[in-house]
Each structure stands twice: as structure tokens, then as C-alpha cells.
Amino acid sequence: MKKLSLFCVLFAGMTILYSCAQNKKDTAVNEKTVFGKLPDGREVYQYTLTNKSGATVKVINFGAIVTSLTVLDRKGKLEDVVTGYDSLQGYMDGSSYFGAIVGRYGNRIGKGQFTLEGKNYQVTVNDGVNHLHGGKIGFSKELWTANTVQDSAGPSLQLTYISKDGEEGYPGKVTLSVTYTLTDKNELRIAYKGTTDKTTILNPTHHSYFNLSGSFNNTILDHLLTIEADSITPVDKGLITTGKYLDVTKTPMDFRTPTSIGARINDKFEQLAFGKGYDHNWVLKNYSKGKLRKAAEVYEQKSGRLMTVYTDQPGLQFYSGNFLDGTAKGKGVSYQLRTGLCLEAQCYPDSPNKPEFPSVTLKPGEVYQQTTIYQFTTK
Ligand code: GLA
């Protein structure tokens, strides 16, 4: 009898312990720590979102930057799949836009000039004679305000930046909110919402460099890429779109079936020469404003990690890390050529000067919206 009751007590105890562990697993964790201090004394915080499977994303409110993203491999091992620096100084000095939200205009505007409602504007020129990713400072080097938000899909963080009228030469005061959610389906969901008080242009994007292998000592050349697009918007030497479309058929730009990034990257092809590799905008199929659809897939065979990108944007910039040259350091490595790849959902580059491209104009009373999802599974 004594033995039986001891067994019952033990059994009950173990059941309680087990259910506590289960409960803990079911609770999304949101942690906030100090990441660093800006020269003007303002503190920068790092937020860690952890979902039910233990995947994590770390985000700082400087540049709304994703500093780390750990996801499972085929064997259940969590590893970081995005490049990053070790300190705030790295992000302040860096020129690669690691993990950031870039804007007001992601990608390039020829000579930094455009016309809106009959008025000419000159925005900062910071890429040769052209404008790139919002200018000298841009949204990626500003301090945002952060708030944790409730979302049944998983832990969520909202960041907001208010860009002044005239900042980097852009008209109108723009308020942009970006919400990162690490869903329990292992998706990093990025939802954007923007408004303005004067007619302006808005085309923000996310600039994480992914490497699914689990080690930044590996390049991304053996990653298999699929892009849901029949054409690209070809560019000139300065990487400004020509306004034409180029059919990808029988070219190294054809990623309609899974193809390793390295297979054709050194082919003699003018567009690859201009980009020093892949640095182009793919015209995604089935664009319909506000409609989310599959845009791309990246598969790394050894780890089994598969990343699927969904977006409601018309275009996707695929950049194969051609400017990485070992200068940027973090996470125990110097990031060498092509050790990370970006898939930036956006409107087509230089669209303010290409009336035939989808428009990026935002007027008072309108709401800019974008949703892009990076989903992680294994196979
Ligand atoms: C984008 C551009 C590239 C490069 C990187 C940052 O992807 O298209 O040309 O500027 O950002 O280095």
C-alpha cells in the first residue's frame, strides 16, 4: 500500500513537472536588453522573440535591424541564418545594410532625381551619382520606437520611425511602422504600414543576408534558388533600370526551377558583369495589389533548411552579396564574398522615373502597406 501511494505521489509530481515544462514551451518569450548607446546618449535595445519551437529572432530598434535569426535544421539543430555585427558600433559604421529596414526608398533612384505633381526633387546621392536605400543615413541608421504587440500567431514587435519633411531631400513627414512576428509556423512575418502628410514616395524593404548552411564560413553559391518570375528589369552600368524587361529564358537569370546560385554566376552575360554577380530585380508573377503569393525559395541541401518567401510586392531584388569582401566582421567571422544573399521585396528600382512601372507615390490619406514572409521549414 505504502509503495503504491509513494508511486502515486511520484507520478503526480512528474505529471505536474511535465505540464509546467509544456506550459513554458507554450509561452512566447519576449526579452528586452540594452544593446548599446548612440553618441547622443540614447539607448538602443535588443528584443528577443522566441516561438513555440524555440526559433528566435533578435531585433534592435536602431534601423529596425534583425541581428540574429535562429531556425532548425533537418536534425533539429538551431543555428543563426543571418549575418550580423557583434556591437552597435558595427551597425553604425557598416555599409552593407545587414538586417535593416531600408527606406524611404529601397534600391536606387537615378541621379537621386524625380518629379512629383510637377515639382522636381533632389534626394541625397550616396551610390556614385545615384541614390541608394534612403540616402546617407536613411531609415536603417535611425533610432525607431519599439512596442511589443499581441498577436496570436506568435511573439511580435512593432517598430515605428517618423521621418521629417525634407529628410534626405524627400517631401512630406512619413510615419512608418514595421511589425516583426516570429510565428509558431516558423515564419518571420514583416508587416509595414506607412502614411504621409504631403505627396511623397515610399518603398521600404528588408535587407537581411541569409546563409542557411549554419556557418558563415560557407558561401551561398551552393544554395538552390527558385524565383517565381519570367523576366527581370535589366540595368545599366550604374545599376539603374533601363525601363525595359528582359525575358529570363535561356539566360543565367532564369531561376524558374531550383538552380544553384553558383552554377552560372560567372557566365559571360552583360547583366552579371554590371551587377558583379546577381544584383537585379525580378518581376514577380501574379502581381495584384495587396495579394500575398509565393515569390522565391532557397534550399540548402546539407542542413536541409528551406526558406520560402511570400510577398505582396511587385518585385524582388536578389543580391548575391557581391560587395562583401571580408571587411565586415561579426559572429566570429569576416564576411567574405558571397557569404550571404538578400531577397528584398520591393517595387521596381528607379520606379519614380519609370511611369510604366508600378507606382510608389503615397498621398496624404492613403496607407502604404506591405507584407513579406520568410518561412523556414526543412526537407
Ligand atoms: C542592395 C543593392 C546592392 C548593394 C546592397 C548593399 O542589394 O542592390 O547593390 O548596394 O544593397 O551593399
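**Entry 1: the loop between E6 and E7**

I started at Asn107, which is found in the loop between E6 and E7. I note here that the model is predicted. Asn107 is not a glycine, yet its phi is positive, at about 80°. I then looked at Arg104. Its place is in the loop between strand E6 (101-102) and strand E7 (108-109). The peptide bond from Gly103 to Arg104 caught my eye, as it is cis. I noted its omega as near 5°.

**Entry 2: the hairpin of E8 and E9**

I moved on along the chain. Strand E8 covers residues 113-116, and strand E9 covers residues 119-122. The two run antiparallel and are joined by four bridges. I looked up one residue of the pairing: Thr115 has Asn120 in E9 as its bridge partner. The hairpin has two residues between the strands. In this hairpin, I found Glu117 with a positive phi near 45°.

**Entry 3: the ligand**

Next I asked which residues surround the ligand. I listed Tyr97, Arg108, Leu132, His133, His207, Tyr209, Asp279, Gln317, Tyr319, Phe323 and Glu344. Sorted by class, this shell has five nonpolar, three polar and three charged residues.

I then checked individual polar contacts. The side chain of Arg108 has an N or O atom 2.6 Å from an oxygen atom of the ligand. For Glu344, a polar side-chain atom lies 2.7 Å from a ligand oxygen. For His133, the distance from a polar side-chain atom to an oxygen atom of the ligand is 2.9 Å. How much of the ligand's accessible area does the protein cover? On its own the ligand has 300 Å² of accessible area, and the protein covers 95% of that. I also looked up where the ligand sits, and the place is the largest pocket.

**Entry 4: the sheet of five strands**

I traced an open sheet of five strands, paired antiparallel. I wrote its order down as E19-E18-E21-E24-E27. Why is one side of E19 and of E27 left without a neighbour in the sheet? Strand E19 (246-247) and strand E27 (342-346) stand at the edges and each has a single partner strand, so one side of each stays without a neighbour. I looked at the E19 end in detail. Strand E18, residues 229-233, runs antiparallel to E19, and two bridges join them. Ile232 has Leu246 in E19 as its bridge partner.

**Entry 5: the sheet of nine strands**

I then followed another open sheet, this one of nine strands. The order reads E11-E12-E13-E14-E29-E23-E22-E17-E20, and the pairing is antiparallel. The edges are strand E11 (145-149) and strand E20 (259-260). Each has a single partner strand, so one side of each has no neighbour in the sheet. I picked the pair E14 and E29 for a check. Strand E14 has residues 187-196 and strand E29 has residues 368-378. Eight bridges join these antiparallel strands. I noted one bridge residue by name: Ala191 is partnered in E29 by Thr371.

Methods
Residues are numbered from 1 along each chain as its sequence is written. This is a predicted model: local features need pLDDT of at least 70, side-chain atom pairs count only at pLDDT 80 or more; totals for chains, interfaces and linings use all residues. Side-chain values use heavy atoms; hydrogens and water are left out. A residue is near a molecule or strand if one of its heavy atoms lies within 4 Å of it. A polar contact is a pair of N or O atoms within 3.5 Å; within protein, one must be able to donate a hydrogen and the other to accept it, and residues adjacent in sequence count only if both atoms are side-chain atoms. Accessible areas come from the Shrake-Rupley method with a 1.4 Å probe; for residues, only the protein chains shown count as cover. On a 1 Å grid over the protein atoms alone, a cavity is a set of points where a 1.4 Å probe fits but cannot get out, and a pocket is an open set with protein on both sides within 12 Å along at least five of seven lines; lining residues have an atom within 4 Å of a point. A molecule sits in a cavity or pocket if more than half of its atoms lie within 2 Å of its grid points. Ala, Val, Leu, Ile, Met, Phe, Trp, Tyr, Cys and Pro count as nonpolar, Asp, Glu, Lys and Arg as charged, and the others, Gly among them, as polar. Two strands pair if DSSP finds at least two bridges between them.
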